[in-house]
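Here are my notes on this one, written as I went through the model. They take the helix contacts and the sheets in turn, then the surroundings of the ligand.

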Amino acid sequence: MADVQNPPPYDLIILGASGFTGKYVVKEALKFLNSPSSPLKAIALAGRNQAKLAQTLEWATHPDTPPPIPILTADTNDVSSLHHLCAQTKIILNCVGPFRLYGEPVVAACAEIGTDYLDISGEPEFMELMEAKYHEKAVDAGSLVVSACGFDSVPAEMGFLFNSRQWVDPALPNRVEAYLSLESDKKIAGNIGTYESAVLGVANAHKLRELRRSRPKRSRPAIPGPPLKGSVLERQKKIGLWALKLPSADSIVVRRTFSTLTENPGGLPGKNESIEQMFNREAYWSTVKPAHFGVKIGSKSLLSIFCIMTVGVILGIFGQFSFGRWLLLKFPSFFSLGLFRKKGPSEDEVRSASFKMWFVGHGFSDSSLVSQEKPKPHMEIITRVMGPEIGYLTTPIILVQCALILLNQRDNLPKGGVFTPGIVFGPTDLQERLQDNGITFDVVSRSVFSV
Ligand SMILES: NC(=O)c1ccc[n+]([C@@H]2O[C@H](COP(=O)([O-])OP(=O)(O)OC[C@H]3O[C@@H](n4cnc5c(N)ncnc54)[C@H](OP(=O)(O)O)[C@@H]3O)[C@@H](O)[C@H]2O)c1
């Protein structure tokens with residue numbers, strides 16, 4: 001647990017700063033270092049290669065001379081190097097992935113030492129395994145461990161909470177479907193790190209099922225009205241997109257947030273929160289209404305949807321056996337039809353890209369209508385989250401804002417434990433902070449149809 005008398009020298013350490021995503025996280029974090037009213041006064045970069053880390057710093061500060069930011073050596077295979085990092089900082093921002101390969105020793109070290117931990121994982125099995133193995137330890141040590149603090153899964157979590165809160169009493173949502181649309185006038189591409197995580201996720205899907213079978217069942221909120229149904233491919237006329245079911249981490253993370261909320265109505269108390277803060281938190285959660293949730297990838301072009309579907313099928317087949325995985329990882333650009341590259345997207349491509357995530361909510365204008373026989377949702381609220389390129393601009397913005405909240409609102413957050421971003425940051429000012437940094441939330445339309 002943090003020693004108040006002798007605070008560690010760094011506010012945060014960016015681990016894996018030399019990676020493709022890590023270097024953009026460094027660039028984003030530097031915007032807030034020592035700026036007026038920022039709680040960020042001291043940071044360090046960490047990784048296994050000093051020269052690459054120094055290059056990262058030069059890239060992130062170009063054309064200025066890099067500030068004197070310490071570069072620390074740490075390898076996830078060397079537990080003592082991780083303990084040494086944890087002892088020197090309030091927060092570790094972990095950008096070392098695939099998380100299923102490298103993440104656990106970092107979470108273990110943070111939960112051991114009592115250091116707060118945020119990462120950008122989009123790997124459900126890793127997240128659920130960390131919760132199963134380290135939650136109790138993290139509670140005891142006062143370490144807050146939050147995965148998925150990037151594009152996976154904060155726009156989905158905050159966007160869903162935003163839509164859910166538009167259903168003001170007596171209105172009641174039944175389902176919210178998110179449609180993700182990636183836009184650019186250049187090529188849209190991701191780096192190999194994300195691709196490798198996806199390939200390993202497909203290959204190990206059975207492990208997630210086994211993990212869940214071995215764990216006690218989590219509570220689920222009661223959602224009035226019909227269950228979520230829908231085809232794999234659909235034409236969403238309202239927003240003019242073809243859409244395909246996306247097996248991303250988002251819906252799993254949102255479901256975990258609602259399980260925690262069902263088990264802890266009113267949310268989780270802050271470690272030293274004031275009475276006023278307690279009322280604010282409970283008031284926030286009282287306006288959130290659970291609903292079925294699913295995510296789809298959308299495009300105006302049916303051809304793009306078929307390309308994405310083809311890549312999904314290729315990953316699904318080749319990811320099942322080791323030679324297939326070897327081929328997928330050896331020739332990422334070929335097997336992903338250019339969606340992922342060994343060298344990642346160029347700076348120009350990153351700058352040109354953006355996303356829109358539409359949340360189409362269906363429900364009832366009056367909750368009393370749910371008690372009818374075969375109730376049919378007749379009200380629709382569409383909201384939207386928009387922002388810059390997902391992996392290397394939006395993800396660093398989110399991760400850094402989550403870290404800044406930890407730094408200046410720590411007393412209002414749970415003392416420790418492994419949680420989802422929604423449960424920890426939902427009742428904070430994260431949405432306003434994201435808006436101030438280019439990720440917007442808006443209500444697009446509200447309609448009531450005759451039944
Ligand atoms: N949430 C999101 O939306 C989102 C967005 C982007 C990325 N991601 C995730 O972030 C992860 C990284 O992606 P990326 O594209 O940045 O990958 P990357 O370019 O390959 O970077 C990986 C980083 O991990 C470091 N590393 C690897 N093994 C290590 C070890 N044993 N000890 C210490 N450091 C080690 C690498 O160090 P070296 O430089 O020394 O090789 C590098 O800094 C992936 O899991 C990806 O899915 C998530």
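**Notes on the fold and the ligand shell**

1. Starting with a helix pair: helix 12 (residues 302–318) packs against helix 13 (residues 322–330) at an angle of about 140 degrees, and their axes are 8 Å apart. Since angles over 145 count as roughly antiparallel, this pair falls outside that class, and helix 12 is therefore oblique to helix 13. Keep in mind that this is a predicted model.

2. Who makes that contact? On the helix 12 side we have Leu315, Ile317 and Phe318, and on the helix 13 side Gly324, Arg325, Leu327 and Leu328. Sorted by class, the contact of helix 12 with helix 13 comes to five nonpolar residues, one polar and one charged.

3. Next, the sheet with mixed pairing. It is open, has seven strands and runs in the order 9-10-11-7-13-14-16. Strand 9 (233–236) and strand 16 (440–448) are its edge strands, each pairing on one side only. From one strand to the next, the twist averages 25 degrees.

4. Helix 12 turns up again here, because it packs on this sheet, where it touches strand 9, strand 10 (241–245) and strand 11 (292–299). The direction of helix 12 makes about 15 degrees with that of strand 10.

5. At the other end of the strand order, strand 14 (residues 379–388) pairs with strand 16 in the antiparallel sense, over eight bridges. If you want a register check, look at Glu380, which stands opposite Ser447 in strand 16.

6. There is also an open sheet of seven strands with parallel pairing, in the order 3-2-1-4-5-6-15. Strand 3 (71–73) and strand 15 (417–419) are at its edges with a single partner strand each, so each has one side without a neighbour in the sheet. The twist in this sheet averages 20 degrees from one strand to the next.

7. At the strand 3 edge, strand 2 (residues 43–47) pairs with strand 3 in the parallel sense over three bridges. Which residue in strand 3 is the bridge partner of Gly47? That would be Thr73.

8. Helix 16 lies across four strands of the parallel order: strand 1 (10–15), strand 4 (89–94), strand 5 (116–119) and strand 6 (144–146). Relative to strand 4, helix 16 runs at about 165 degrees.

9. Another helix pair to look at is helix 3 (residues 79–87) with helix 5 (residues 104–113), packed at an angle of about 50 degrees with axes 9 Å apart. These two are therefore oblique to each other, and their crossing is right-handed. Helix 3 brings Val79, Leu82, His83, Cys86 and Ala87 to the contact, while helix 5 brings Pro105, Val106, Ala109, Cys110 and Ile113. By class, this contact of helix 3 with helix 5 has nine nonpolar residues, one polar and no charged ones.

10. Finally, the ligand. How many residues surround it? There are 30, and the closest are Gly19, Gly97, Gly150, Phe151 and Gly193. Helix 1 (20–30), helix 4 (99–102), helix 8 (192–203) and helix 16 (390–409) each supply at least two residues of the shell. So helix 16 is in two of my points: it supplies residues to the ligand shell and lies across strands. By class, the shell divides into eight nonpolar, 18 polar and four charged residues, with Gly counted among the polar ones.

Conventions. Residues numbered from 1 in each chain as written. Predicted model: local features only at pLDDT ≥ 70, side-chain atom pairs only at ≥ 80, totals over all residues. Axes fitted to C-alpha atoms, helices over the stretch in contact; angles between N-to-C directions. Parallel < 35°, antiparallel > 145°, perpendicular 65-115°, else oblique. Left-handed = near helix turned anticlockwise from the far one by under 90°. Contact = placed C-beta atoms within 7 Å. Pairing = 2+ DSSP bridges. Near = placed C-beta within 6 Å.
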